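Subject: Structure handover

Hi,

Here is the structure I promised to pass on. Please open it alongside this note. My findings follow below.

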Amino acid sequence: MAEDRTHTGDFPPFRQRHLISIADLKQHEIIDLLDRAEAMVPVSRQERKSHPTLTGKTQVNLFFEPSTRTQGSFEIAGKRLGAQVMNMSVKTSSVSKGETLIDTAATLNAMRPDVIVVRHSAAGAVELLSQKVGCSVVNAGDGAHEHPTQALLDALTIRRHKGRISGLTVAICGDIANSRVARSNLLLLGALHVRTRVIAPRNLLPAGIENLATEVFTDMHEGLKDVDVVMMLRLQHERANGRMIPSVREYYRFYGLDADKLGRARPDAIVMHPGPMNRGVEIDPAIADGPASVITDQVEMGVAVRMAVLDALLAGDAA
């Protein structure tokens with residue numbers, strides 16, 4: 001557990017300009033961001049939720065895909081740090097009239113923001129935008145590629161509940177093929193020496209998954225044996241491209257997390273889900289709301305992690 005450090009100057013300078021991919025981060029940078037986020041938790045819990053290290057900075061949230069949870073937490077994070085936050089509604093912008101991503105980047109760059117938080121349906125779109133602007137860029141999810149702040153908040157949640165990350169066994173279950181959350185988590189957990197398992201139907205396992213996960217299973221009962229953390233994933237119909245299961249009922253029978261399957265994990269195992277949940281599809285409502293669930297904690301840690309990321313990228317050059 002990190003010390004109670006809440007001032008940017010208490011941490012070493014963060015050398016990354018953007019946060020596009022977990023793969024870009026060294027192990028010590030991941031740990032640094034987790035420690036920064038740990039220090040932000042009490043800030044979010046105090047009566048006056050203010051830590052104005054980014055006063056005078058401008059943050060633009062540019063979401064080409066809807067996401068109430070992620071966009072909302074980035075907005076709250078920026079405001080708690082004292083930044084001016086603008087949410088750009090893409091549906092009502094020139095993008096919907098045919099403006100390209102590069103045109104949008106040029107327009108935003110002319111406004112001289114300090115950071116742009118981007119969610120886009122195309123893998124690689126966020127990295128492309130980062131090459132066209134003069135400010136920091138944070139990836140809030142790009143297609144089925146990555147979602148780095150989700151992986152960081154998941155790691156922080158695990159560390160707070162288990163007291164450590166290294167040496168644990170984490171099972172990521174469900175729609176692996178279409179999940180940017182799974183990829184970012186596998187990269188981060190691998191960097192922190194976690195034993196990772198993926199569990200999914202064969203048609204929802206992407207090619208090359210064995211290069212990211214320690215173990216690959218197609219049977220939930222076998223894959224969940226003695227794991228410390230069970231991370232369920234949303235069944236993502238919008239990114240499936242036809243690679244779906246025969247029926248929701250059959251999917252739940254074999255891959256939905258219920259008491260019987262969870263019983264294969266360690267007695268003190270925790271249950272996670274990045275949200276939004278399809279109750280009765282990926283997870284039994286009794287498990288989602290039960291004592292093993294840390295799903296609401298993940299939401300809280302999301303604000304702390306996004307505060308930490310914005311602080312790390314911007315506070316070092318705050319005037």
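Start with His193. This residue comes just after helix H6, and its phi is positive, near 65°. Keep in mind that this is a predicted model.

**Confidence**

The average pLDDT for the protein is 91, and 91% of the residues score at least 70. Two stretches need care. Residues 1–5 stay under 50, with eleven contacts in the model beyond four places in sequence. Residues 238–242 are also below 50, and that stretch has six contacts beyond near neighbours in sequence. Where pLDDT is low, the predicted coordinates should not be read in detail.

**Helix H6**

H6 covers residues 180–191, twelve in total. From first C-alpha to last it reaches 17 Å, close to the 16 Å expected at 1.5 Å a residue. At its start, a side-chain oxygen of Ser179 comes to within 3.3 Å of the backbone nitrogen of Val181. Val181 is one of the buried residues of H6. The others are Arg180, Ala182, Ser184, Asn185, Leu186, Leu188 and Leu189.

**The five-strand sheet**

This sheet is open, its strand order is E7-E6-E5-E8-E9, and the pairing is parallel. Strands E7 (215–217) and E9 (270–272) stand at the edges. Each has a single partner strand, so one side of each is left without a neighbour in the sheet. From one strand to the next, the twist averages 20°.

Helix H5 (residues 148–162) packs on this sheet. H5 touches E5, E8 (229–232) and E9, and its direction makes about 165° with that of E9.

Now the individual pairings:

- E5 (residues 169–173) and E6 (residues 195–199) run parallel and are joined by five bridges. Thr169 stands opposite Arg195 in E6.
- E5 and E8 run parallel, with four bridges between them. Ile172 has Met231 of E8 as its bridge partner.
- E8 and E9 pair in the parallel sense over three bridges. Opposite Val229 stands Ile270 in E9.

E8 is covered on both faces. Val229 and Met231 are buried on one side, Val230 and Met232 on the other.

**The four-strand sheet**

The order here is E2-E1-E3-E4; the sheet is open and its pairing is parallel. E2 and E4 (136–142) are the edge strands, and each pairs on one side only. Neighbouring strands are turned by 15° against each other on average, direction ignored.

Strand E1 (residues 58–63) is mostly covered, with five of its six residues buried. Six bridges link E1 to E2 (residues 84–89), and the two run parallel. Two of the bridge partners in E2 are worth a look. Val60 has Met86 as its partner. Asn61 has Asn87.

**Three residues to look at**

*Ile22.* Where does Ile22 lie? Ile22 is in the segment before H1. Its relative accessibility is 2%, so Ile22 counts as buried, the cut-off being under 20%. Leaving out residues up to four places away in sequence, Ile22 touches Ile30, Glu146, Pro148, Ala151, Leu152, Ser184, Leu187 and Leu188. Ile22 and Thr149 are 127 residues apart along the chain, yet 8.7 Å separates their C-alpha atoms.

*Ser44.* This residue sits in helix H1 (residues 27–45). Is Ser44 buried or exposed? Its relative accessible area is 11%, so Ser44 is buried. Beyond its neighbours within four places in sequence, Ser44 is in contact with Lys49, Arg80, Val303 and Met307.

*Asn203.* Look for Asn203 in the loop between E6 and E7. Asn203 has 34% relative accessibility, so it counts as partly exposed, which covers the range from 20% to 50%. How many residues apart in sequence are Asn203 and Ile165? They are 38 residues apart in sequence, and 30 Å apart in space, C-alpha to C-alpha.

**Where to begin**

I would open the five-strand sheet, with the order E7-E6-E5-E8-E9. Then turn to H5, which packs on it. After that, go to the sheet with the order E2-E1-E3-E4. Leave residues 1–5 aside, where pLDDT stays under 50.

Best wishes

Key. Residues numbered from 1 in each chain as written. Predicted model: local features only at pLDDT ≥ 70, side-chain atom pairs only at ≥ 80, totals over all residues. Heavy atoms only, no water. Expected span 1.5 Å × (residues − 1). Buried < 20%, exposed > 50% of the residue type's maximum accessible area, 1.4 Å probe, protein only. Polar contact = N/O pair within 3.5 Å; in protein donor to acceptor, adjacent residues only side chain to side chain. Pairing = 2+ DSSP bridges. Axes fitted to C-alpha atoms, helices over the stretch in contact; angles between N-to-C directions. Contact = heavy atoms within 4.5 Å. pLDDT = per-residue confidence, 0-100.
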